[in-house]
Amino acid sequence: MIPTRDRIAEVVLTAVRNKDRVGIYPHVGADGDALGSAIGLALALNQAGASARVFVDEKVNPRLLFVPALDLVTVYADLDTKTWPQDQALAIAVDCTEPERLGCRQELYRDAPIQAALDHHVSSGESGGLRWIDPQASATGEIIFDLVTELEGQLGQSLLTQDGAMALMTAIVSDTGGFVYSNTTARTFAIAAHLMAYDPDLRQITYRLFHESTKTQLRLQGELYSQAQFLQEDRLAYARVDQALMQRLVATDTDLDGIVSELRSISGVEVAFLFRELADGAIRINIRSNDHFHASDFARPFGGGGHAKAAGMTIRHKTLDEVVDLVVEKAGQWLNG
Ligand SMILES: [Mn+2]
């Protein structure tokens, strides 16, 4: 039996040799890995003679607008589904395995004569088509690199370019947090070293992905951090933001990104909360925790959910003060229970 990754390399090679149309589908809410992988793959396939395009559900995240070759990306709403996708010989899902993760585009994907999925997440669901899943890969970008390397060998032609290396480096930097998460391996560095030979702008990638901020964010962080509260021998930290503050600073929801994680990063803090009053009066609560506090178990009785260390919930028909008191008291019991 031919391993699936070889079969995927084979169908991609056939598509390239036939100069076929190949549709590439990152998951909804494409992050640096999904988008970088998709564009890196599209560039390599086009370099080899295919006609590849990337289809996405929503506009590219402003943080990712530095990624090269965005002209290869079409947003679903702008897509004339009667033309291009009808002729695709091959559809490739990247950074996801289940067609449900493709949102509006799942029919386009399913309609292709051949489907292949490239992913590093372990998937339980059954789905048609070919799958190349490598849970050892820090990012789908590593899998794309392997596939491109395989194609280069088969075609006896170099397919990586500076833009392609930039896209794949973005994918890897994004999912490894800049080569610091525990998913970073010797192989990750070996691939990164290979990509560096094409001179991608690594400084630009890390700045745009992790460090770029705005004046509004700085002011908002200043306000929230200076008012942050610490309870339970500093094991519980929280910050709160009401509509008046948001309006005074002309801040939006995304300006609050990262604040609760920053509170959780404080040495000794087991659980951190960010309480925000929404425009309709509901209170949204973001929870970040360390090993000893299960965030989604905590959120569930309040109708929320998420993961062990990151969860959220929304409480209605109570004031911000009431919600803070309620949640902080309950969390105190959890910490001492
Ligand atoms: Mn990924």
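Which residues is R53 in contact with, leaving aside its neighbours within four places in sequence? I started my notebook with that, working on a predicted model.

**Entry 1: R53**

I looked up the contacts of R53 and found G23, I24, A42, L72, T74 and W84, with neighbours within four places in sequence left aside. I then placed R53 in strand 2, which covers residues 51-56. Is R53 buried or exposed? I counted 20 other C-beta atoms within 10 Å of R53. The cut-off for a buried residue is 20 or more, so R53 is buried. I also checked R53 against I39, which lies 14 residues away along the chain. Their C-alpha atoms are separated by 8.2 Å.

**Entry 2: domains**

I looked up the domain assignment of the chain and noted domain 1 as 4-211 and domain 2 as 216-336. Taken over C-alpha atoms, the centres of domain 1 and domain 2 are 35 Å apart.

**Entry 3: nonpolar cores**

I noted the general rule that nonpolar side chains tend to be buried together in soluble globular proteins. Then I looked for the cores here. The largest nonpolar core has 63 residues, and I24 and I92 have the most contacts inside it. Which helix gives the most to this core? I found that helix 2, residues 32-47, does, with 9 residues. Apart from this core lies another, of 30 residues, including L220, A239, V271 and F275.

I went back to I92 for its contacts. I92 touches V22, I24, Y25, L41, A116 and L118, not counting residues up to four places away in sequence. I24 is thus on two of my lists, as a contact of I92 and as a contact of R53.

**Entry 4: helix 1**

I looked up helix 1, residues 4-17, and noted its 14 residues. From its first C-alpha to its last, helix 1 reaches 20 Å, close to the 20 Å expected at 1.5 Å a residue. Which residues of helix 1 are buried? I listed I8, A9, V11, V12, A15 and V16. These buried residues are on the same side of helix 1, because they cover an arc of only 165° around the axis. I then checked what they pack against, and wrote down strand 1 (21-26), helix 2, strand 4 (88-94), strand 5 (115-119), strand 6 (130-133) and helix 4 (140-155). Just after helix 1, I noted K19, with a positive phi of about 50°.

**Entry 5: strands 9, 10 and 12**

Why is strand 10 described as largely enclosed by the rest of the structure? I found that 6 of the 7 residues of strand 10 (residues 283-289) are buried, so the description holds. I then looked up its pairing. Strand 9, residues 271-277, runs antiparallel to strand 10, and 7 bridges join them. In this pair, A272 stands opposite R288. The two strands form a hairpin with 5 residues between them, and G281 in the turn has a positive phi of about 95°.

Strand 10 also pairs with strand 12 (residues 310-315), in the antiparallel sense, over 6 bridges. I noted A311 in strand 12 as the bridge partner of I287.

**Entry 6: Q243**

I looked up Q243, which is found in helix 9, residues 243-248. Q243 counts as partly exposed, because it has 14 C-beta neighbours inside 10 Å. Leaving aside neighbours within four places in sequence, I found Q243 in contact with E277 and A279. How far apart in space are Q243 and G281? From C-alpha to C-alpha I have 8.7 Å, for residues that are 38 apart in sequence. This G281 is the residue I noted in the turn between strand 9 and strand 10.

Definitions and conventions
Residues numbered from 1 in each chain as written. Predicted model: local features only at pLDDT ≥ 70, side-chain atom pairs only at ≥ 80, totals over all residues. Domains from an automatic or database assignment. Core = buried A, V, L, I, M, F, W, Y, C linked by C-beta atoms within 7 Å. Buried ≥ 20, exposed ≤ 12 C-beta atoms within 10 Å, placed from the backbone. Helix = DSSP H or I, 4+ residues; strand = E, 2+ residues; numbered from the N terminus. Contact = placed C-beta atoms within 7 Å. Expected span 1.5 Å × (residues − 1). Arc of directions from axis to C-beta. Pairing = 2+ DSSP bridges.
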